[in-house]
Amino acid sequence: CSTWGGGHFSTFDKYQYDFTGTCNYIFATVCDETSPDFNIQFRRGLDKRIKRIIVELGPAVVIVEKGTIFVRNVGIIQLPYTSNGIQIAPYGRNIRLVAKLMEMELVVMWNNDDYLMVLTEKKYMGKICGMCGNYDGYELNDFVSEGKLLDTYKFAALQKMDDPSEICLSEEIAVSTTPHNKYAMICSQLLNLVSPTCTVPKDGFVVRCQLDMQDCSEPGQNNCTCSTLSEYSRQCAMSHQTVYNWRTENLCSVGTCSANQIYEECGSPCIKTCSNPEYSCSSHCTYGCFCPEGTILDDISKNRTCVHIEQCPCSLNGKIYAPGETMKAACRTCTCLMGQWNCKELPCPGRCSLEGGSFVTTFDSRPYRFHGVCTYVLMKSSSLPHNGTLMAVYEKSGYSHSETSLSAIIYLSSKDKIVISQNELLTDDDELKKLPYKSGDITVFRQSSMYIHMHTSFGLELVVQTTPVFQAYLKVGSQYKGRTRGLCGNYNGDTTDDFMTSMDITEGTASLFVDSWRAGNCHPALEREIDPCALSQLNKISAETHCSVLTKKGTAFEKCHAVVNPLPFYKRCVYQACNYEETFPYICSALGSYARTCGSMGLILENWRNVMDNCTVTCTGNQTFSYNTQACDRTCLSLSNRALECHPTDIPIEGCHCPQGTYLNHKHECVRKSHCPCYIDERKYILPDQSTVTAGVTCYCVNGRLSCTGKLQDPAESCKAPKKYISCSDSLEDKYGAACAPTCQMLATGIECIPTKCESGCVCADGLYENLDGRCVPAEECPCEYGGLAYGKGEQIHTECEICTCTKGKWKCVQKSRCSSTCNLYGEGHITTFDGQRFVFDGNCEYILAMDGCSVHRAVSSFKIVTENVICGRSGVTCSRSISVYLGNLTFILRDETYTVSGENPGVHYKVKENVLHLMFDIIIPGKYNMTLIWNKHMNVFIKISRETQETICGLCGNYNGNMKDDFQTRSKYVASNELEFVNSWKENPLCGDVYFVVDPCSKNPYRRAWAEKTCSIINSQVFSACHNKVNRLPYYEACVRDSCGCDIGGDCECMCDAISVYAMACLDKGICVDWRTPDFCPVYCGYYNSHTKAAAGDGYSSDYNKENCTWHYRPCNCPNQSFKYVNIEGCYNCSHDEYYDYEKESCMPCGKQ
């Protein structure tokens, strides 16, 4: 429905009339509703131009007046604008508002002059009121009111809506609308200029054109009727008819175009830009200024010119790079090519960190947390000399079981045993050695007051932070790639298999993985069941307040936000602050971890300790604090023996050091070079200017250096303990007793035991090992563990990609010929990528979930999956409203609990399987992909892909290369530092606004939080206990709580049930079938299908109650604990419990049969 010119109207039913009133009128609204979905009002001025437009959409109100756009509760806005489901953006020469909310879609268009248009959905037929008529499909009854046909002005008077303080007198006189026939000929010719072939009826427009001609200040001039010609052009374009470039300099000119754009009457509003050169959308054309064919709009350098794709610049962290420019970052160099970064990976060391008491990040960047008290294997590798192994000792550091923290690091080989703890350094004979200490290839020295550094010549570097919290950072050279085992993972570039146990199988949870690397007979690690912050509201508020300095704008940390995402560090900081009794050391350690990560990216954060209370470090003597220090050339010892203390670190470290030109002596004082003592072997030193005689040679100490140097002794060889049956009360040869009982788990680890204290107990005789049941068995009968269960010799398990067999207490795994991975989008914007990276976003736009053809050469994509996310909660959270799957010319659209298929592609085979709860699409692109799409007809979609080629995949589902680390790869091929930058780059429509923050609906709805936590706790309860060891439940629980808080405009239980069903489905993928629904908790009404049958004609069901036929039942899965050929999924089934429904044979088949 539209209005244009001085007062022409065309209703939804295409009836045209004229009315020139200057009051405020309702243009279109939904009749007889207390709160209509939309209400659009307008007012014309005396100059006949539209003076004001009001668009009310529920709580949102947009007012357009004098060319400015005002949004209630926001103020005057700049275009493009996107918020809460409303998008306002230029559309050619017009401005378009698109409202996409969960229940409705509406388009309003205007041109800040004389034109206003509304597009509404078919579902409003017969329910519309206003100047746009009743939209019932009949054009002649638009002015009927209470059964009477009214005159135009009487009908218009009914639509009048005065402002609060006005009484507008409506025009009671009928305006003459009889046209002069003398202009009929010229009007027909002008309309033919616009489009001679357009099928939109011309008659009404000829009449409007004649009226324009006679009311004009210079009657009969062609330019009198520009508004009607423009409207005819728009209506033809909206009907997808051909429209010519009919405007000229003298006829209805639109003025000159900016930069090098050209005028088109029918140009695509889906502007191809440097940031999205492939953008296409199914919109009709419009008039305005566009880029010439073969060029695209440069939206990156902000001068809005049209360029060839080769001239597109690239942007990174707000800085613009010219085409061909190169950018160097840690481990990669990137060149700007056609608006995208073309990156080359450089050899890079592996880093593993143990931080904040209980957090570990593996070499392949997988973060996890555990609470165990034991000595664990941190890293073992065949590349370490003398059978070397690195261990980590964790101890209890408070009352609660989760207060565990790192207390020592042990390096053990057949030559050395070095223990680094807070009280400096112990060597193999339990002798406390002073630093520095050297033994063969290993040097341990104090790099600053806060860090001890262990340097080796075999590619292993260990930096230990001793205060405020004991933390360790491990760095290994690329020669260790794929050759490490232990808590630091296997360093093979694949994040998904980092939880590889000592028994050679990948576990699902951190605690089971960690337990397999115990280096002593200790208790299993425990999960922290509940959020430590939930126990005390005061602790929680204090933790969030102190930790928020990481994420806030305007703090010392802000300049690093573009490089390192602060959110994971913030979450870790809050957890540590609540979990540990000593709050501040742990808060400072989390902030320090963030600062260190920034340092690793080349950004040193100065002064952050001064900003934060209790994080300042006081230095003793005349030392000063520095954020970037080292021992070399700052200690007297580094002058005497450079080989001992001159080993720089590549990541800056902080701590107290001596001011420039002074050196730390043996008394911890800073002195000048001339006052430095000289060090001789075995910690002896002579004072400055004194001499000593060594092997008959006299040596003088000048400026900290001797003219002769001593030789360091080799440390004694370490001894191995015998294994016996013993008790501690006897006088033992082995003072540790049964602490080193040989167990099958230790056999799998393959290392010597590291005891901490003597324990009495039973030790298996030589050659026998204790298994899980406590029995002694020979090595070949040791069981294997997986998911907390024991498997005997020869037993097999099948995972998604492997078949594993148990032999000698270890799993031997064989890769299956075809392997698949799943990406899921669920609830309010939660995504788990193909490589297991998780994130959440509140985008309000269409986004590409997954597509192929992403190489730099921009190959043609054979599939593209797009989600359209809309606002679904008051706090601004968004959910997926529809999923579109494009396979060449074949398109599936999944929306409103059903699906549509359009077009065809003979090269794609697909099958649709429907059950009450889900729709499943099996799609095969021969030679490339097998894809299964599972959609719960609501907000959850699972995309399971197995590919036959190594074709790259990209989108919000990540790049499917096995490595979680680079999943945030943007459309321009650069790895973003945070998820928002990544999400914004995958917008399908470049006009949508960017997302700048992720809302936390629970903090906005504290009353809902308690309800959400209570209902979602079923995930942590006994109901799902069988699955807890197989699938980490924490992210699912957090997602459930967030969704239950955010889903506050109806359907809240549905959101919560959806979120729980995602965890149930993850369990089912691991073979655990959980029957969690009950009649009063997320019920599914399958009995309905016993009493109703599907109507042959339509979608509906008709009542057909037949007591014989009660075969439909809810089942949490098909064929539990047995393989069967389809994806296992919950639903309503009419097969018996030991059968499944075969979609191809259309009958029930026994479970074992394929």
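Leaving aside neighbours within four places in sequence, which residues is Asp-515 in contact with?

**View 1. Asp-515, a buried acid without a salt bridge.** In this predicted model, Asp-515 is in contact with Pro-524, Ala-525 and Gln-745, once neighbours within four places in sequence are set aside. Asp-515 belongs to helix 5, which covers residues 510-515. Look for a partner of opposite charge and the nearest side chain turns out to be Arg-518, 4.3 Å away. A salt bridge needs a side-chain nitrogen within 4 Å of a carboxyl oxygen, so Asp-515 goes without one despite being buried.

**View 2. The largest nonpolar core, with its 54 residues.** Leu-354, Ile-409, Val-444, Leu-460 and Leu-474 are the ones that touch the most other members. Strand 32 (residues 404-412) chips in six residues, the most given to this core. A second core, separate from this one, has 47 residues, including Ala-850, Ile-923, Met-931 and Val-995.

**View 3. Zooming in on Leu-460 and its contacts.** Skip the neighbours within four places in sequence, and Leu-460 still has plenty to show: its contacts include Met-379, Leu-384, Leu-390, Tyr-411 and Met-454. Also in contact with Leu-460 are His-455, Leu-474, Lys-475, Val-476 and Tyr-480.

**View 4. The largest cavity, holding about 180 Å³ of space.** The structure has seven cavities of 30 Å³ or more. In the largest, 21 residues form the lining, and Gly-592, Ala-595, Arg-596, Pro-652 and Glu-654 are closest to the centre. Helix 8 (583-600) is among the elements that supply at least two lining residues, along with strand 40 (471-476), helix 9 (608-611) and strand 43 (653-657). The biggest share comes from helix 8, with seven residues.

Definitions and conventions:
Residues numbered from 1 in each chain as written. Predicted model: local features only at pLDDT ≥ 70, side-chain atom pairs only at ≥ 80, totals over all residues. Heavy atoms only, no water. Core = buried A, V, L, I, M, F, W, Y, C linked by side-chain atoms within 4.5 Å. Buried < 20%, exposed > 50% of the residue type's maximum accessible area, 1.4 Å probe, protein only. Helix = DSSP H or I, 4+ residues; strand = E, 2+ residues; numbered from the N terminus. Contact = heavy atoms within 4.5 Å. Lys, Arg positive; Asp, Glu negative; His and termini not counted. 1 Å grid on protein atoms, 1.4 Å probe; cavity = no way out; pocket = protein on both sides within 12 Å on 5 of 7 lines; lining within 4 Å. Points joined across faces, edges and corners; volume = space filled by probe spheres on them.
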